[in-house]
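Subject: Handing over the structure

Hello,

Here is the structure I promised to pass on to you. Please have a look at it first, and then read on for what turned up in it.

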Amino acid sequence: MKKSEENEEMVEMLRATGVLRTSGIIEAFRHVPRGMFVPDRFKRFAYEDIALPFAKSATISQPSIVAYMLEELMPIPGSSVLEIGTGSGWLASLIGYCIAGGTIYTLEVDSDLVNMARENIEKTGLSNIIIIEHDGSGGYPEKAPYDRIIYSGAMPSVPHAVIGQMKSRSILVAPIGDKYSQKLVTLEKSEKGLKRKEGPSVIFSPIVGRFGFAKA
């Protein structure tokens with residue numbers, strides 16, 4: 001995986017602002033450059049802290065938001081992770097790097113996005129990322145329970161079915177709200193129940209599916 005000065009500058013900016021703190025996540029950002037996942041026509045903006053179009057209505061989220069979500073998720077080596085909404089494959093690849101020895105199952109309902117993400121992920125050389133074409137709005141019970149679950153698109157709420165796929169000590173991160181405005185929500189599950197934390201306001205593309213939003 002090729003590093004670049006622009007990528008390193010982006011990482012240092014995220015560290016300086018305090019959004020990127022954990023050594024394993026910092027190394028993931030360094031070794032999985034965002035530019036690998038950005039369409040050619042937007043390459044010159046790849047390391048700016050802005051969201052970029054990827055395909056159709058999908059976008060690659062801005063680096064500071066991705067960093068925030070990963071710091072909340074706290075991925076650790078050897079863990080089992082579910083991502084809902086593969087998109088470009090950048091977030092799945094960052095997580096795959098962080099969880100060496102573990103597996104990330106990433107779900108995408110759009111077959112064209114599945115193919116594009118698969119091509120992108122193959123460039124990273126990571127072998128612990130499994131892309132599945134599937135309506136992921138309700139999770140993926142076939143491989144449950146998970147240590148970590150992350151939604152890469154907006155949901156109106158976290159379905160009870162997905163909460164049931166979390167291990168007794170696990171974390172879920174998701175943009176929750178309507179199609180036009182959401183809050184990043186972190187759920188920590190323990191023997192005592194669920195602890196909920198609300199983070200910054202965001203705008204993510206909606207997750208379409210049975211438990212998500214209807215197609216436009």
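Two strands are said to pair if DSSP finds at least two bridges between them. Please keep in mind throughout that this is a predicted model.

**Hairpins**

Let me start with strands β1 (residues 52-55) and β2 (residues 58-60), which are joined by three bridges and pair in the antiparallel sense. Within this pairing, P53 has T59 of β2 opposite it. The two strands form a hairpin with two residues between them, and K56 there has a positive phi near 50°.

Another hairpin is made by β8 and β9, again with two residues between the strands. Here strand β8 (residues 182-190) and strand β9 (residues 193-202) run antiparallel, with eight bridges joining them. If you want a place to begin looking, S190 sits opposite G193 in β9.

**Aromatic pairs**

How many aromatic pairs does the model hold? The count is two. In one of them, F29 and W90 meet edge-to-face, with 5.6 Å from centre to centre and 80° between the planes. This pair links distant parts of the chain, since F29 belongs to helix α2 (residues 23-31) and W90 to helix α4 (residues 90-98), 61 residues apart. F29 has a relative accessibility of 0% and therefore counts as buried. W90, with a relative accessible area of 2%, is buried too.

The pair of Y105 and Y146 is also edge-to-face, at 6.3 Å centre to centre and with 65° between the planes. Distant parts of the chain are linked here as well: Y105 is in strand β4 (residues 103-108), Y146 is in strand β6 (residues 146-151), and 41 residues separate them. Are these two tyrosines, Y105 and Y146, buried or exposed? Y105 is buried because its relative accessible area is 13%, under the 20% cut-off. Y146, at 0% relative accessibility, counts as buried.

**Salt bridges**

Side chains of opposite charge can pair when their charged atoms come close. Searching the whole structure gives nine salt bridges, and I will walk you through a few of them.

R30 pairs with E12, and their closest N and O atoms are 2.9 Å apart. Since R30 is in helix α2 and E12 in helix α1 (residues 5-16), this salt bridge ties together parts that are 18 residues apart in sequence. R30 counts as buried at 17% relative accessibility, whereas E12, at 34%, counts as partly exposed.

Next come E72 and K197, whose side chains meet in a salt bridge with an N to O distance of 2.9 Å. This one connects distant parts of the chain: E72 lies in helix α3 (residues 63-73) and K197 in strand β9, 125 residues apart. E72 is buried, at 12% relative accessibility, while K197 is partly exposed, with a relative accessible area of 42%.

A salt bridge also joins the side chains of K167 and D147, at 3.3 Å from N to O. K167 is part of strand β7 (residues 166-177) and D147 part of strand β6, so the pair links distant parts of the chain, 20 residues apart. K167 counts as partly exposed at 30% relative accessibility, and D147 is buried, with a relative accessible area of 17%.

Which residues are joined into one network by salt bridges that share partners? They are E8, E12, R15, E27 and R30.

**Nonpolar cores**

The largest nonpolar core has 50 residues. Those with the most contacts inside it are L20, F29, M69, L70, W90, L94 and I95, so you will meet both partners of the F29 and W90 aromatic pair here again. Helix α3 gives the largest share of this core, with seven residues. For a closer view, try L94: leaving aside residues up to four places away in sequence, L94 touches A28, F29, V32, V66 and L70.

Apart from this there is a second, separate core of 20 residues, which includes L82, I149, I163 and I176.

I hope this helps you find your way around. Happy exploring, and do write back with any questions!

Best wishes

Note on methods:
Residues are numbered from 1 along each chain as its sequence is written. This is a predicted model: local features need pLDDT of at least 70, side-chain atom pairs count only at pLDDT 80 or more; totals for chains, interfaces and linings use all residues. Side-chain values use heavy atoms; hydrogens and water are left out. Helices (H or I, at least four residues) and strands (E, at least two) are DSSP runs, numbered from the N terminus. Rings of Phe, Tyr and Trp (its six-membered ring) pair if their centres lie within 6.5 Å; planes under 30 degrees apart count as stacked, over 60 as edge-to-face and the rest as tilted. Buried means under 20% relative accessible area, exposed over 50%, partly exposed in between (1.4 Å probe, protein chains only). A salt bridge is a side-chain nitrogen of Lys or Arg within 4 Å of a carboxyl oxygen of Asp or Glu. A nonpolar core is a set of buried Ala, Val, Leu, Ile, Met, Phe, Trp, Tyr and Cys residues joined through side-chain atoms within 4.5 Å. Contact means heavy atoms within 4.5 Å.
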